[in-house]
Amino acid sequence: MIRFENVGMRYGTGPEVLRDVTFELKAGAFHFLVGASGAGKSTLLKLMYLAHRPTRGLINIFDRNLASIPREELPDIRQRIGVVYQDFRLLNHLSAFDNVALPLRVNGAREDVVQKHVGELLGWVGLADHINALPPTLSGGQKQRVAIARAVISRPSLLLADEPTGNVDDTIAVRLLYLFEELNRMGTTVVIATHNKSLVDRFKHPVMRLGDGQVRTEEDEADWGAGLRRDAEASFGTKGDAPTVPPREL
Ligand SMILES: Nc1ncnc2c1ncn2[C@@H]1O[C@H](COP(=O)(O)OP(=O)(O)OP(=O)(O)O)[C@@H](O)[C@H]1O
Ligand SMILES: [Mg+2]
């Protein structure tokens with residue numbers, strides 16, 4: 001479904017954010033993507049949903065070499081990819097319902113089908129009472145759930161979710177993971193970037209870890225704890241360097 005071979009990516013003239021990234025995602029796979037803040041998770045997802053071109057290396061998507069896909073065919077390919085953006089990107093002048101309905105309507109779905117599916121899905125993510133709300137009047141977690149509903153409503157071939165549970169409580173996070181798993185059972189390949197260790201522990205899907213600009217899969221490294229410690233030490237030094245908290249004035 002997706003293959004990266006020695007992919008490198010930098011923003012402008014900055015340092016390489018990703019270097020020599022090599023991995024393969026098979027159709028029907030379900031992966032978590034983890035790594036420290038700033039490691040490049042969003043960047044990797046952007047390459048997968050074709051928002052950026054790599055600065056070097058080879059990307060195959062839906063078994064085609066990205067470099068050889070004509071520009072005018074890119075929108076068709078993007079339509080097969082559902083994206084939950086880290087910053088949601090809802091249309092503020094459209095209601096929650098209309099945001100979620102948009103991909104179906106763009107595909108020419110009948111209005112009775114739109115009403116049924118969008119209503120059902122928004123109910124499922126716990127937003128039955130907010131169907132007509134405009135995004136600016138919703139909380140962060142509510143907006144996040146609208147963004148998720150919009151990404152999954154048209155059953156994409158590939159779902160890329162960037163920290164999709166970052167703004168919700170644990171109960172809702174688990175419910176959202178069930179939604180992603182259901183979508184995966186129906187054939188969607190799923191990649192979820194997350195910092196939520198308890199979700200990764202609870203839902204036993206293979207983990208891709210980003211560090212030093214490279215991706216390691218679970219076979220390379222099974223222990224999340226060791227990875228986390230290494231990330232923290234690389235960013236902030238060892239625990240002994242922790243700043244001393246000043247005593248509270250009594
Ligand atoms: N548009 C941009 N222009 C320049 N540098 C960027 C841009 N976007 C990201 N970067 C840099 O690329 C690196 C990786 O960023 P990225 O957003 O991919 O990390 P991340 O793993 O998603 O982090 P987080 O967990 O905080 O979301 C960071 O050093 C960041 O500063
Ligand atoms: Mg990110």
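Strands β9 and β10 form a hairpin with two residues between them, and Asp212 in the turn has a positive phi of about 55 degrees. Helices (H or I, at least four residues) and strands (E, at least two) are DSSP runs, numbered from the N terminus. The model is predicted: local features need pLDDT of at least 70, side-chain atom pairs count only at pLDDT 80 or more, and totals for chains, interfaces and linings use all residues. Residues are numbered from 1 along each chain as its sequence is written, while chains are lettered from A and ligands numbered from 1 in the order in which they are written.

**The β9-β10 hairpin and its sheet**

- Strand β9 (residues 207-211) pairs with strand β10 (residues 214-217) in the antiparallel sense over four bridges; two strands pair if DSSP finds at least two bridges between them.
- Across this hairpin, Met208 stands opposite Thr217 in β10, and Leu210 has Val215 of β10 as its bridge partner.
- The hairpin strands belong to an open sheet of six strands, ordered β6-β7-β8-β3-β9-β10, in which the pairing is mixed.
- At the edges of this sheet are β6 (81-84) and β10, each of which pairs on one side only.
- From one strand to the next, the twist averages 20 degrees; angles run from 0 to 180 degrees between N-to-C directions, and axes are lines fitted to C-alpha atoms, for helices over the stretch in contact.

**Helices against the six-stranded sheet**

- Helix α5 (residues 140-152) lies across β6 and β7 (158-162), and runs at about 175 degrees to β6.
- Helix α6 (residues 170-185) also packs on the sheet, where it touches β3 (30-34), β7 and β8 (189-193); residues are in contact if their C-beta atoms, placed from the backbone, lie within 7 Å.
- The direction of α6 makes about 155 degrees with that of β8.

**The four-stranded sheet**

- Strand β1 (residues 2-10) and strand β2 (residues 16-25) are paired in the antiparallel sense over six bridges, and Met9 stands opposite Leu18 in β2.
- β1 and β2 form a hairpin with five residues between them, and Gly12 in its turn has a positive phi of about 55 degrees.
- β1 is also joined by five bridges to strand β4 (residues 56-61), and the two run antiparallel; Glu5 stands opposite Leu58 in β4.
- The open sheet of four strands follows the order β2-β1-β4-β5, with antiparallel pairing.
- Its edge strands are β2 and β5 (64-65), each pairing on one side only.

**Packing of α3 with α4**

- The axes of helix α3 (residues 96-106) and helix α4 (residues 111-124) come within 10 Å and cross at roughly 130 degrees.
- That angle makes α3 oblique to α4; angles under 35 degrees count as roughly parallel, over 145 as roughly antiparallel, 65 to 115 as roughly perpendicular and the rest as oblique.
- α3 passes α4 in a right-handed crossing, meaning that the near helix is turned clockwise from the far one by less than a right angle, whereas an anticlockwise turn would be left-handed.
- Ala96, Phe97, Val100, Ala101, Leu104 and Arg105 of α3 meet Val114, His117, Val118, Leu121 and Leu122 of α4.
- This contact of α3 with α4 holds nine nonpolar, one polar and one charged residues; Ala, Val, Leu, Ile, Met, Phe, Trp, Tyr, Cys and Pro count as nonpolar, Asp, Glu, Lys and Arg as charged, and the others, Gly among them, as polar.

**Packing of α3 with α5**

- α3 and α5 pack at an angle of about 25 degrees, and their axes are 7 Å apart.
- The two helices α3 and α5 are therefore roughly parallel to each other.
- Ala96, Asn99, Val100, Leu102 and Pro103 of α3 make the contact with Val146, Ala149 and Arg150 of α5.

**Surroundings of ligand 1**

- Ligand 1 is surrounded by Tyr11, Gly14, Val17, Gly35, Ser37, Gly38, Ala39, Gly40, Lys41, Ser42, Thr43 and Gln86; a residue is near a molecule if its C-beta atom, placed from the backbone, lies within 6 Å of it.
- Helix α1 (residues 41-48) supplies the largest share of this shell, three residues.
- By class, the shell around ligand 1 comprises three nonpolar, eight polar and one charged residues.

Note on methods
Two residues are in contact if their C-beta atoms, placed from the backbone, lie within 7 Å.
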